[in-house]
Amino acid sequence: MSLQLHNTLTQRVEPFQPLSDNTVKMYTCGPTVYDFAHIGNFRTFVFYDLLRRWLRASGFQLDHVMNITDVDDKIIRNAVAQGKSLRDYTDNFTQAFLDDCGTLRLERPEHIVRATDHINEMAESIAKLEADGFTYRSDGSVYFRIAKFAEYGKLSHNDFSGMVAGARVDVDEYEKSDARDFALWKAPKEGEPNWDTCIGPGRPGWHIECSVMAYHYLGATLDLHAGGVDLIFPHHENEIAQSEALTGKPFAKFWVHSEFLLVDGQKMSKSLGNFYTLRDLFGRGFTPESVRYLLASVPYRKGLNFTFEGLNSAKTAIDRLRNFKLRLETAKLAEGLNDEIEAKANSAHLGFRAGMDDDLNTAEALGAVFEFLRDANVALDAGTFLEGNRARALELMVLFDSVFEVLTPSEAAGAISADDVEALIAARTAAKKSRDFARADQIRNELLEKGVILEDTKDGVRWKRK
RNA sequence: GGCGCGGUAGCCAAGUGGUAAGGCCAGGGUCUGCAAAACCCUUAUUCGUCGGUUCAAUUCCGACCCGCGCCUCCA
């Protein structure tokens, strides 16, 4: 089987294939950098990362664009309030976002692009839309007239045919012909930054940036466009209207959307006090790997209820996987090959791939790994896991980690070196041999304080970091 | 109201027309100088409710109930 993904456009799980050659042209909606990104945002960004990794594992090359929205109402309001330039204000949070992505081990898209670096292209596109009759002006702003785009609603599966243009509706401070029409370009306002362009002064609306940057970097038709479900309407619907009105070609073949993250069953909000950034979680002692694992382990199309219990559970599960890998690397094994174990390893590989191929069903993929882990541990205990079985089992862990990437602990600053640990272990072993248990226990405690856990096994002493 | 997602053990969660993966927690055990760590075992006659189709339904159909999201900015 090959990779299948749920396509919001058709509402079905379909085989994924790029339109031409082997390179996937993908666009994903990035953050609006008015503040630190929160874990709900990162649920989606982790999903992008899993998608990237599994597309590559499926043999595709990637050409992936992610935008940084660095101009919007909140940004302007906050920057003005702090007396900062837009760029100064957004640079700070853009860098924080990129740092957080690195901490969560998210692969870098091929292009990370800022809206404000593409204002002129946006203005030119809006001019073209105006020339082609898709827009109208009102008080210096330019609106997209959705009545001119017959297929409006095809992504969100809403029927707008009953909404005829002409009934004038006042919304916000601007006057629009139709309540669903949206701003392509906003007229300058007192005290707000604006750009001088071929369509006059002002600033871009939110939706136009994605259409324009996607076209600029990837061309008229994308293989795949992803985002959170909350963006289906109106953002992605509007992107389709703009892009298809501009090029006359389909905007994206596949639309893939990740479900929402809830905290304790409720939407995150500052007033409820359940609003978390990564920094908050790390401050409480949770590791990036735990967060990554939790966000990755629930399939992306299912709502994810974030709890601290879930985070602890993730930590324990990762420990078990790491312990298994350590055991595979260090166990003394008898020569030979156990065919039964090898068959189980092979079916675990297949199970993992089948799960990922099935619309990135990470829960199913994980199940295959843990099932093998148990069988292998039983065999290791019984001495029936042989030297010839080691490689294939380790390959499974490599395959697993090529997607989940949680097995290597994050570096802790000031940690004791491996050499020092080994030296202390040697000293303890010597103390034990001379039955100086007090000394042995003292060394053990000393190491524990430094975050090193010793395991006395029948194959000798094994250690790991906490 | 419209559109969409979901309701499976204490928690998270996969799944199939033929009798419930996996993870966490809990309980029990193995190992050990003692520990720790590690590992193993056990844990849903039952899959929101009620009807229907079927030899057989958690899985298909219908109705209903409940939770969440979008419909205004939002991953």
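## Domains, helix crossings and local features

The centres of domain 1 and domain 3 lie 56 Å apart, taken over C-alpha atoms. This is a predicted model. Chain A is divided into three parts: domain 1 covers 4–258, domain 2 covers 278–404 and domain 3 covers 418–465.

### Helix crossings

Three helix pairs are described here. The table gives their axes.

| Helix pair | Axes come within | Crossing angle |
|---|---|---|
| α9 (residues 308–330) and α11 (residues 362–382) | 11 Å | roughly 45° |
| α1 (residues 39–57) and α12 (residues 390–404) | 8 Å | roughly 135° |
| α9 and α12 | 10 Å | roughly 150° |

Start with α9 and α11. Their axes cross at roughly 45°. Angles from 35 to 65 degrees fall outside the parallel and perpendicular ranges, so α9 and α11 are oblique to each other. The crossing of this pair is left-handed. On the α9 side, the contact uses Ala317, Arg320, Leu321, Phe324 and Arg327. On the α11 side, the partners are Val369, Phe370, Phe372, Leu373, Ala376, Asn377, Leu380 and Asp381. By class, the contact of α9 with α11 holds 9 nonpolar, 1 polar and 3 charged residues.

Helix α9 also meets α12. Here the axes cross at roughly 150°. Angles over 145 degrees count as roughly antiparallel, so α9 and α12 are roughly antiparallel to each other. Again the crossing is left-handed. From α9 come Leu321, Phe324, Lys325, Leu328, Glu329 and Thr330. From α12 come Arg390, Ala393, Leu394, Met397 and Phe400. The contact of α9 with α12 divides into 7 nonpolar, 1 polar and 3 charged residues. Two α9 residues, Leu321 and Phe324, appear in the contact with α11 and also in the contact with α12.

Helix α12 has another partner, α1. The axes of α1 and α12 cross at roughly 135°. That angle makes α1 oblique to α12. Leu50, Arg53 and Trp54 of α1 touch Leu399, Asp401, Ser402 and Val403 of α12. The contact of α1 with α12 has 4 nonpolar, 1 polar and 2 charged residues. Domain 1 spans 4–258 and domain 2 spans 278–404. Helix α1 covers residues 39–57, and α12 covers residues 390–404. The α1 and α12 contact therefore joins domain 1 to domain 2.

### Aromatic pairs

The whole structure contains 24 aromatic pairs. One of them joins phenylalanine 134 and phenylalanine 144. Their ring centres are 6.0 Å apart and their planes lie at 10°, so the pair is stacked. Phenylalanine 134 sits in the loop between α4 (119–131) and β6 (135–138). Phenylalanine 144 belongs to strand β7 (residues 141–144). The pair therefore ties together parts that are 10 residues apart in sequence.

### Backbone exceptions

Most residues other than glycine have a negative phi, and most peptide bonds are trans. Two places depart from this pattern. The peptide bond from phenylalanine 233 to proline 234 is cis, with omega near 0°. Proline 234 lies in helix α6 (residues 232–247). Arginine 105 is not a glycine, yet its phi is positive, at about 65°. Arginine 105 is found in the loop between α3 (86–103) and β5 (111–114).

Key:
Residues numbered from 1 in each chain as written. Chains lettered and ligands numbered in written order. Predicted model: local features only at pLDDT ≥ 70, side-chain atom pairs only at ≥ 80, totals over all residues. Heavy atoms only, no water. Domains from an automatic or database assignment. Axes fitted to C-alpha atoms, helices over the stretch in contact; angles between N-to-C directions. Helix = DSSP H or I, 4+ residues; strand = E, 2+ residues; numbered from the N terminus. Parallel < 35°, antiparallel > 145°, perpendicular 65-115°, else oblique. Left-handed = near helix turned anticlockwise from the far one by under 90°. Contact = heavy atoms within 4.5 Å. Nonpolar A, V, L, I, M, F, W, Y, C, P; charged D, E, K, R; others polar. Phe/Tyr/Trp six-rings, centres within 6.5 Å; stacked < 30°, edge-to-face > 60°.
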